[in-house]
Amino acid sequence: MRRRAVTGAVVDAIRSSGLRVVGLAGTIVTARLLSPYDFGLVAVGATVLTFGAYLDDGGVGIALIRRVEEPERAELQAVLALQLMLDVLLVLGIGLAMLPFGLMGRVTTVIVASLPFGALRAPGYIVYERRMLYRTLAVIDMGDTIVFYLWAITTIALGWGVWGLATAFAVRELTGTVLVLALLPDGRMLPRPSLAR
């Protein structure tokens, strides 16, 4: 267990460094391709997305990771249902609130619409974290980040402009979810709401 924790810390440090390098390079390229105004629109949307991601599971996922007992499948399904429900409500609420803000509102809504896609990987991430499978988490995080920037750069170069970068958020979440579901069969489940759980 101790060896796995030390290995996990090293892998996590390498993962963080790699993500920062890829993120910096991708941000430099996308910032050069977009106007400062368009890049600012995406920054507003990304800030709202970060706030939504903070709210979307209410800390339940973290509690299941830190808990001594292994979470039951029904608990993971209930967390998935809760997160999906909260994400859909957040997308609808933010979309309605952003309607009066024109292009900024539409870009923000498209970016925030990626939240439900990310919810689908929540059970897998909980299982991965509990099992300390940090190498696999690093592969998933690096994979979805690389796909994010490849999508953004390609679509911006094809003329999509700000929409190329805005849609990249959903593409990243879908990529990460597909990787989680492909690499961890235990993370594949349907949502099942349960107030008791």
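Between which two helices does the loop that holds Met-132 lie? In this predicted model, Met-132 is placed in the loop between α7 (122–131) and α8 (134–160). The phi angle of Met-132 is near 55 degrees, a positive value in a residue other than glycine. Met-132 counts as buried because its relative accessibility, 18%, falls under the 20% cut-off.

The interior was examined next, beginning with helix α5 (residues 102–112), in which Gly-105, Val-107, Thr-108, Ile-111 and Val-112 are buried. These residues lie on the same side of α5, because they cover an arc of only 165 degrees around the axis. An α-helix has 3.6 residues a turn, so residues three or four places apart point the same way. The cover over the buried residues of α5 includes α2, α4 (73–98), α6 (115–119) and α9 (162–183).

Two of these α5 residues, Val-107 and Ile-111, are also named with Val-42, Phe-148, Leu-165 and Phe-169 as having the most contacts inside the largest nonpolar core, which has 21 residues. At least two residues of this core come from each of α2, α4, α5, α8 and α9, and α9 gives the most, with 5 residues. When residues up to four places away in sequence are not counted, Phe-169 touches Val-42, Ala-46, Leu-49, Ile-111, Ser-114 and Phe-148. A second, separate core has 15 residues, among them Leu-64, Leu-80, Tyr-125 and Tyr-128.

On the surface, Phe-51, Tyr-54 and Leu-55 make a nonpolar patch of about 370 Å², and Phe-51 is found in helix α2 (residues 36–55).

Methods: Residues numbered from 1 in each chain as written. Predicted model: local features only at pLDDT ≥ 70, side-chain atom pairs only at ≥ 80, totals over all residues. Heavy atoms only, no water. Helix = DSSP H or I, 4+ residues; strand = E, 2+ residues; numbered from the N terminus. Buried < 20%, exposed > 50% of the residue type's maximum accessible area, 1.4 Å probe, protein only. Patch = residues over 30% accessible without salt bridge, like charges linked within 9 Å, V, L, I, M, F, W, Y side chains within 5 Å. Areas by Shrake-Rupley, 256 points an atom, 1.4 Å probe, with all protein chains shown as cover. Salt bridge = Lys/Arg side-chain N within 4 Å of Asp/Glu carboxyl O. Arc of directions from axis to C-beta. Contact = heavy atoms within 4.5 Å. Core = buried A, V, L, I, M, F, W, Y, C linked by side-chain atoms within 4.5 Å.
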